[in-house]
Amino acid sequence: MEHLSDYRKHIPLRWIYCSFLVAIFVDLIPTAQTGSIQLMPDIMAMLILYWSINRPHQFSIGSAFVLGLISDIATGSPLGQHALAYTITTYIVMNQQRYIILYHYGIQSIVALGTLMGNQVIMSLIRLIFDNKYSGWGSFLPPIIGALLWPLLNKIMITLYRPRKN
């Protein structure tokens, strides 16, 4: 019941913006790659998914599009690649948000896997069309890692924005 009362509380928009700012910086951190395999999940996509599920009245599909454009510019990828992927998956998640929010973190992790994998498929198809280069099966590993980290992300976000009782 406490979770439902937390759900109804209004989160300041600056808190949501700060989380995306942190996500951009984390996504820009160079990470070790094993050959062509990247292990770091798309933190921006995970936060878009998190806010779409937990605060759909404070986050919109247009916000996902703008954040996708910012990710495109920040990562130097073809303009619109992230924007299209984030917009499509956010639309799908927001349509099913009332069901997804009721599931426990295990089922939500499966939803996160599907969403992050959908993002990766869309971006791989765009890269294949424009660059004629397949990114390889290793590019589908970060969505799996992101899905495994989904419960941890939820716990961290709830801990950070839960009001402290003094």
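Start by selecting Thr 75: beyond its neighbours within four places in sequence, Thr 75 is in contact with Leu 28 and His 82, where contact means heavy atoms within 4.5 Å. Before going on, note that this is a predicted model, in which local features need pLDDT of at least 70, side-chain atom pairs count only at pLDDT 80 or more, and totals for chains, interfaces and linings use all residues. Residues are numbered from 1 along each chain as its sequence is written, and side-chain values use heavy atoms, with hydrogens and water left out.

**Stop 1: Thr 75**

Stay on Thr 75, which lies in helix H4; helices (H or I, at least four residues) and strands (E, at least two) are DSSP runs, numbered from the N terminus. Now add Leu 28 to the selection: 47 residues separate Leu 28 and Thr 75 in sequence, yet their C-alpha atoms are 7.1 Å apart in space. Next, show the side chains of Thr 75 and Ser 77, which make a polar contact at 3.1 Å. A polar contact is a pair of N or O atoms within 3.5 Å; within protein, one must be able to donate a hydrogen and the other to accept it, and residues adjacent in sequence count only if both atoms are side-chain atoms. Is Thr 75 buried or exposed? Neither: Thr 75 counts as partly exposed, because its relative accessibility is 42% and the class in between runs from buried (under 20% relative accessible area) to exposed (over 50%), with a 1.4 Å probe and protein chains only.

**Stop 2: the largest pocket**

Keep Thr 75 selected and show the largest pocket, with a volume of about 830 Å³. Of the 34 residues that line this pocket, the closest to its centre are Gln 38, Thr 75, His 82, Gln 120 and Arg 127. A pocket is found on a 1 Å grid over the protein atoms alone, as an open set of points with protein on both sides within 12 Å along at least five of seven lines; a cavity is a set of points where a 1.4 Å probe fits but cannot get out, and lining residues have an atom within 4 Å of a point. Grid points are joined across faces, edges and corners, and a volume is the space filled by probe spheres set on the points.

Colour the helices next: H2 (13–28), H4 (61–75), H5, H7 and H8 (141–161) each supply at least two residues of the pocket lining. The largest share, six residues, comes from H7. By class, the pocket lining divides into 15 nonpolar, 15 polar and four charged residues. Here Ala, Val, Leu, Ile, Met, Phe, Trp, Tyr, Cys and Pro count as nonpolar, Asp, Glu, Lys and Arg as charged, and the others, Gly among them, as polar.

**Stop 3: the cavity**

How many cavities of 30 Å³ or more are there? The count comes to one, with a volume of about 50 Å³. To see its walls, select Ala 45, Ile 48, Leu 49, Ser 52, Tyr 86, Thr 89, Thr 90, Val 93, Thr 115 and Asn 119. Helices H3 (43–54), H5 (81–95) and H7 (105–131) each give at least two residues to this lining, which has five nonpolar, five polar and no charged residues.

Zoom in on Asn 119, found in helix H7. Asn 119 is buried, with a relative accessible area of 3%. Not counting residues up to four places away in sequence, Asn 119 touches Ala 45, Ala 85, Tyr 86 and Thr 89.

**Stop 4: along H7 and into H8**

Move to Gln 108, also placed in helix H7. Gln 108 counts as buried, at 3% relative accessibility. Its side chain reaches the backbone oxygen of Ile 100 at 3.2 Å. Apart from residues up to four places away in sequence, Gln 108 touches Ile 100, Ile 101, Tyr 103, Trp 150 and Asn 154.

Asn 132 comes next, in the loop between H7 and H8. Check its backbone: Asn 132 has a positive phi of about 55 degrees although it is not a glycine. Asn 132 is exposed, with a relative accessible area of 67%.

Then select Ile 144 in helix H8, which counts as partly exposed at 38% relative accessibility. Leaving aside neighbours within four places in sequence, Ile 144 is in contact with Leu 113 and Met 117. The C-alpha atoms of Ile 144 and Gly 114 are separated by 9.2 Å, with the two residues 30 apart along the chain.

**Last stop: the whole protein**

Zoom out to see eight helices and zero strands. Of the 166 residues, 39% count as buried.
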